[in-house]
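This report describes the strand arrangement of a single protein model. Please consult the sequence and structure below alongside the text.

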Amino acid sequence: MKYSKAYQELKEKYKGMVKVWPEVTDPEKFVYEDVAIAAYLLILWEEERAERGLTAKQSFVDLGCGNGLLVHILSSEGHPGRGIDVRRRNIWDMYGPQTHLEEGAVTPNDNTLFPDADWLIGNHSDELTPWIPVIAARSSYHCRFFVLPCCFFDFIGKYQRRQSAKTQYRGYLDFLTEVGSACGFRVEEDCLRIPSTKRVCLIGKSRTYPAAAEVSMDEQRTQYISSRRGCPMSPPGEGLGALDAAAGHALGAQAGQRGAEARPKGLWLSGFHPREKAERVRNCATLPRDFIDQVVLRVARLLLGGQQSDAGSAPRGGVEAWNRGGSLSLAEVAGELDRETLQRLKRECGGLQTLLRNSHQVFQVVNGQVHIRDWREEKLREEKELEARKTRICWFFTHHPDGCVLPSDCCPFAHGPGELRPAPAARKERQLL
């Protein structure tokens, strides 16, 4: 009941963000999802204050904060905090000076600690997700964490599922629970009411060991982290790392300082690389046009039985004789392509399947089976499809051995350069604003 009330209040308060959202992402999904996460955290922290007899609102740091809306809401609701992300977003300028957002990479090491933060947040924090319990544990004895995992990352690189009896998602949640436990947290799991398929969060708000045991506990963390990849830790350095001040501030004793001296200074595990500042487009859209055309034509010929095309031809023998082609599995199509082509597609995140799905004018990919699209079965239902009529050349008119199955006045694509219309630039500009 508390959550529902808080969610409705925040939704009403921040619904205006949907109308002014400057990012290319779906505003309703991202705004209301962050509103829901903020409502959950606010209730969680309210109950924590009541349990601990606290009056001051908890401070936080959001690692990998993305659009920064969660930071903005929590800050506006009175919680001191900041967000850090490797790439600045357009919307950051809209929040105002009370929302503290920083552009910069977060690399897990002794210089990336937050001794003054009560909570560390990882909301879809990708490669930082498994490190957040570690950073929280080493920042101070009283630092807690909240993670809402989405993409599957290990300490270095992608997470590899090790138990076939579990789904990858379940296995990843269990792995993060294991990380939190190895760091000395009592890890709790909950399911959020958010518009996302990845709704399970993990929370570490108490420790399994007393503050005086920090030295031995940190040795255990170090061994666990190293065991994930079998990589040696960075060589020890001279002097004390940033953990000393954090532990001293939290414990008011010598235990934290001894913990830092016992652990190598610097990087906690060699090989970690934060994501690049410039977000790379990895959906096959950046491949050369002639390369894409060659692959599309080759796959189409496989489905059509190897027939060659007569450019600009009309359907021979009427539409009833139009060759719809056969059906091949993605594996069968891949088996007909050379290794170099497949590797080039694989580097573009999604590979062959992504290219075929992007070429939706020509192909249908259903349940792993590839078919030639028959436009007699298609209907232009959306306004944007009507606006885009005749803005591209009809692939079938140019390449299909029987030409296009539709007459020119019914086909949404241009039968030759003479029918081409300019693309609706105004609509594209609106999408980019």
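Which residue of β7 does Val-147 stand opposite? The residue opposite Val-147 is Leu-202 in β7. The model under discussion is predicted.

## Strand β7 and its partners

Strand β7 spans residues 200-207 and is mostly covered, with 6 of its 8 residues buried. Strand β5, residues 144-148, runs antiparallel to β7, and 3 bridges join the two. Within β7, Ile-203 is the bridge partner of Phe-146, and Leu-202 stands opposite Val-147.

Strand β6, residues 185-191, is likewise antiparallel to β7 and is joined to β7 by 6 bridges. Here Val-200 of β7 serves as the bridge partner of Cys-191.

## The sheet as a whole

These strands belong to an open sheet of 7 strands, ordered β3-β2-β1-β4-β5-β7-β6, in which the pairing is mixed. The edges are occupied by β3 (100-103) and β6; each has a single partner strand, so one side of each is left without a neighbour in the sheet. From one strand to the next, the twist averages 20°.

## A helix across the sheet

Helix α4, formed by residues 69-76, lies across four strands: β1 (60-63), β2 (81-85), β3 and β4 (119-123). Relative to β1, helix α4 runs at about 170°.

Terms used
Residues numbered from 1 in each chain as written. Predicted model: local features only at pLDDT ≥ 70, side-chain atom pairs only at ≥ 80, totals over all residues. Heavy atoms only, no water. Buried < 20%, exposed > 50% of the residue type's maximum accessible area, 1.4 Å probe, protein only. Pairing = 2+ DSSP bridges. Axes fitted to C-alpha atoms, helices over the stretch in contact; angles between N-to-C directions. Contact = heavy atoms within 4.5 Å.
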